[in-house]
Amino acid sequence: MRVALFLTCVNDTLYPDTGRAVVKLLTRLGVDVDFPMAQTCCGQAHYNTGYRHETEPMARHFADVFRHYEAVVTPSGSCGAMVRELYPRMGERARSEGRGDTLATVLAPVVPKTYELTEFLVDVLGVTDVGAYYPHRVTYHPTCHGLRSLGLGERPLRLLRAVKGLELVELPGADECCGFGGTFALKNADVSAAMGADKVRNAESTGAEVLCAADNSCLMHIGGTMTRLRTGMRPVHIAEILASTEEEPAL
């Protein structure tokens, strides 16, 4: 199966190891992974900030770059949700504004074949045990877009439970937002920081060494709060845990 890795802006700029982990993991599972160099931002930040029309050329470019692949896999619930949930909405809005069906027609082919990593593993490849090894106590935070927009549900947990050596502990208040929310963290800094502190205190109460999630933007916010509160915990993307093996263990 030939798939494209949609890395996303945050991962490309700040967390390239997550992209490497996705390639390592999928290659180990027999997937042919390509990285289209023409990929850019999906437009999520712009759309969510109100620049709806300015987002449309970015969405068109995304559709053009990824249209020939069998599947598009991203290690980001929020960017995956942008494509799956908001691209159809953009097309419908353009139609309702009297601008025709062109945008909807261009975007439609990439919407159903864009997958967040854990749903691609479980739903498309049909695996939960990916041969991973990670001997640490871990708690899992389900990020808002993954939980509410994509409906990832138990998929990440099923994958984590199958990791050799990993002790998974439940996170109190797991379904509560960490407070990041993209530009929300800038516009409402005090509220965002308080929500982040609540999330980190709940994580710390589990005794886990690692808090993992499927979105590095949220992990960036949580990780910064962990550092300020001096918890000693580490934020780790789920892809890096699943890519870890006894022969090549991740930290």
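Student: In what order do the 4 strands of the open sheet stand?
Tutor: This is a predicted model. Its open sheet has 4 strands, with parallel pairing. The order is β2-β1-β3-β4.

Student: Which strands stand at the edges, and why is one side of each left without a neighbour in the sheet?
Tutor: An edge strand here has a single partner strand, so one of its sides has no neighbour in the sheet. The strands in that position are β2 (32–34) and β4.

Student: By how much are neighbouring strands of this sheet turned against each other on average?
Tutor: Direction is ignored for this value. The average turn between neighbouring strands is 35°.

Student: What is the bridge partner of A4 in β2?
Tutor: β1 and β2 run parallel and are joined by 3 bridges. Look in β2 for the partner of A4. That residue is D34.

Student: What angle does the direction of α7 make with that of β4?
Tutor: Helix α7 packs on the sheet. It touches β1, β3 and β4. Its direction and that of β4 make an angle of about 105°.

Student: How far apart are the end C-alpha atoms of helix α4?
Tutor: Helix α4 covers residues 52–66, which is 15 residues. At 1.5 Å a residue, the expected span is 21 Å. The model agrees, because the end C-alpha atoms lie apart by 21 Å.

Student: Which residues of α4 are buried, and what covers them?
Tutor: The buried set is T55, E56, M58, A59, F62, A63, V65 and F66. An α-helix has 3.6 residues a turn, so residues three or four places apart point the same way. The cover of the buried α4 residues includes β1 (2–5), α3 (44–48), β3 (71–74), α5 (77–96), α6 (102–107) and β4 (114–116).

Student: Which element gives the most to the largest nonpolar core?
Tutor: That core has 33 residues, and L26, L117, Y134, I241 and L242 have the most contacts inside it. Several elements supply at least two residues each, including α2 (16–28), β5 (137–140) and β7 (210–213). The top contribution is 5 residues, from α13.

Student: How many residues does the other core have?
Tutor: This core lies apart from the largest one. Among its residues are C79, V83, L103 and L107. Its size is 22 residues.

Student: Is T225 buried or exposed?
Tutor: T225 sits in helix α12 (residues 216–229). Beyond residues up to four places away in sequence, T225 touches G196, A197 and V200. Its relative accessibility is 4%, and the cut-off is under 20%, so T225 counts as buried.

Methods: Residues are numbered from 1 along each chain as its sequence is written. This is a predicted model: local features need pLDDT of at least 70, side-chain atom pairs count only at pLDDT 80 or more; totals for chains, interfaces and linings use all residues. Side-chain values use heavy atoms; hydrogens and water are left out. The expected span of a helix is 1.5 Å times one less than its number of residues. Buried means under 20% relative accessible area, exposed over 50%, partly exposed in between (1.4 Å probe, protein chains only). Contact means heavy atoms within 4.5 Å. A nonpolar core is a set of buried Ala, Val, Leu, Ile, Met, Phe, Trp, Tyr and Cys residues joined through side-chain atoms within 4.5 Å. Two strands pair if DSSP finds at least two bridges between them. Axes are lines fitted to C-alpha atoms, for helices over the stretch in contact, and angles run from 0 to 180 degrees between N-to-C directions.
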